[in-house]
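Please look over the model shown here. The report below goes through a few of its residues and then its overall build.

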Amino acid sequence: SISANKIKHIPEGAFDELSFLLSLNLAENEITRMLPGSFRGLVKVREMDLTGNKISFIQDDVFEDLPELRVLILSNNRLNNINIASLLNLKYLIRLNLTGNFLETLPNKLPFLMELYLDENLLTSLNLSGYGQMTSLSVRGNHLQEVELYHLENLISLNLSRNPLKSICERSFELLERLDNLDLVNCNIS
């Protein structure tokens with residue numbers, strides 16, 4: 001772990017000699033940017049934590065050198081958009097945490113994701129048609145007024161709490177036969 005330091009950026013090739021690492025914790029630094037090649041050499045890393053930095057943009061090929069990455073935590077940064085191209089090469093990514101950013105929209109179609117955490121963002125709507133494998137979704141504390149969940153047959157846990165939901169589509173839960181945990185606390189549903 002090299003968390004809680006004052007790292008501002010990750011130069012290309014910074015981890016070239018660390019091919020044995022399985023986890024990389026860069027949380028609570030001052031990282032503002034990452035370049036393609038920043039994570040070169042980290043071919044075995046399965047989990048990366050970039051929580052609490054100052055990242056506002058992710059370039060297309062930043063994560064291309066992480067073929068085994070399964071968990072990516074980008075919570076509490078300054079992201080207002082996620083470039084889908086930056087995540088498409090992560091074929092084994094199953095958990096993505098984007099809590100506490102400034103996201104207004106979701107990245108399209110990440111069909112391999114199983115867990116997605118989008119709490120405390122600025123989302124006003126959700127299009128989840130490209131997320132068919134998802135088992136856990138948390139969008140607590142956004143600005144959602146309505147929700148459609150038709151494409152999430154595998155969903156087990158859903159947190160919609162603290163959203164100003166005006167209504168929930170009548171058929172939204174129709175196909176959610178595996179849903180075990182539903183949180184609608186403080187949603188102003190009438």
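## Arg-162

Arg-162 is partly exposed, since its relative accessible area is 38% and partly exposed covers values between the 20% limit for buried and the 50% limit for exposed. The model is a predicted one. Arg-162 sits in the loop that runs between β10 (157-159) and β11 (167-168). Its backbone has a positive phi of about 55°, although Arg-162 is not a glycine.

## Ala-4

Ala-4 also has a positive phi of about 55° without being a glycine. Its place is the segment before β1 (9-10). Is Ala-4 buried or exposed? With a relative accessible area of 58%, Ala-4 is exposed, because exposed means over 50%.

## Val-185 and the segment after β12

Val-185 belongs to the segment after β12 (181-183). Its relative accessible area is 54%, and Val-185 therefore counts as exposed. Not counting residues up to four places away in sequence, Val-185 touches Ser-161 and Arg-162. Arg-162 is the loop residue described above, between β10 and β11.

Val-185 can also be placed relative to Leu-160. The two are 25 residues apart in sequence, and their C-alpha atoms are 7.7 Å apart in space.

## Leu-182 in β12

Leu-182 is part of strand β12. Its relative accessibility is 36%, so Leu-182 counts as partly exposed. Which residues does Leu-182 contact, leaving aside its neighbours within four places in sequence? They are Leu-158 and Phe-173.

A further distance relates Leu-182 to Ser-138. These residues are 44 positions apart along the chain, and 9.9 Å separates their C-alpha atoms.

## Ser-138 in β8

Ser-138 lies in strand β8, which covers residues 136-138. At a relative accessible area of 7%, Ser-138 is buried, because buried means under 20%. The side chain of Ser-138 makes a polar contact of 2.5 Å with the side chain of Asp-119.

Asp-119 also appears in the contact list of Ser-138, which leaves aside neighbours within four places in sequence. The other members of that list are Leu-116, Tyr-117, Leu-118 and Asn-159.

## Asn-97 in β6

Asn-97 is located in strand β6, made up of residues 95-97. Its relative accessibility is 18%, so Asn-97 counts as buried. What joins the side chains of Asn-97 and Thr-99? A polar contact of 2.9 Å does.

When residues up to four places away in sequence are not counted, Asn-97 touches Leu-72, Ile-73, Leu-74, Ser-75 and Tyr-117. Tyr-117 is also among the residues in contact with Ser-138.

## Leu-72 in β5

Leu-72 is found in strand β5, residues 71-73. With a relative accessible area of 0%, Leu-72 is buried. Leaving aside neighbours within four places in sequence, its contacts include the leucines Leu-50, Leu-87, Leu-90, Leu-93 and Leu-96. Met-48, Phe-63, Arg-95 and Asn-97 are in contact with Leu-72 as well.

Where does Glu-47 stand relative to Leu-72? The two residues are 25 positions apart along the chain, and the distance between their C-alpha atoms is 6.1 Å.

## Overall build

The protein has 12 strands and 0 helices. Read along the sequence, the pattern is therefore one of β elements from start to end: β-β-β-β-β-β-β-β-β-β-β-β. Of the contacts with a separation of 6 or more, 36% are between residues 24 or more positions apart.

A compact globule of 190 residues would have a radius of gyration near 16 Å, and the 17 Å of this protein agrees with that. Along the principal axes, the C-alpha trace spans about 55 × 25 × 25 Å.

## Surface and charge

What share of the 190 residues counts as buried? The share is 44%; Ser-138 is one of the buried residues, and Leu-72 is another. The accessible surface of the protein is about 9,500 Å². Carbon and sulfur atoms make up 47% of that surface.

The protein carries 17 positive and 24 negative charges. The mean positions of these two groups of charges lie 5 Å apart.

Terms used: Residues are numbered from 1 along each chain as its sequence is written. This is a predicted model: local features need pLDDT of at least 70, side-chain atom pairs count only at pLDDT 80 or more; totals for chains, interfaces and linings use all residues. Side-chain values use heavy atoms; hydrogens and water are left out. Helices (H or I, at least four residues) and strands (E, at least two) are DSSP runs, numbered from the N terminus. The radius of gyration is taken over C-alpha atoms; the globule rule is 2.2 Å times the number of residues to the power 0.38. Buried means under 20% relative accessible area, exposed over 50%, partly exposed in between (1.4 Å probe, protein chains only). Contact means heavy atoms within 4.5 Å. Accessible areas come from the Shrake-Rupley method with a 1.4 Å probe; for residues, only the protein chains shown count as cover. Lys and Arg count as positive and Asp and Glu as negative; His and the chain ends are not counted. The place of a charge is taken as NZ of Lys, CZ of Arg, CG of Asp or CD of Glu. A polar contact is a pair of N or O atoms within 3.5 Å; within protein, one must be able to donate a hydrogen and the other to accept it, and residues adjacent in sequence count only if both atoms are side-chain atoms.
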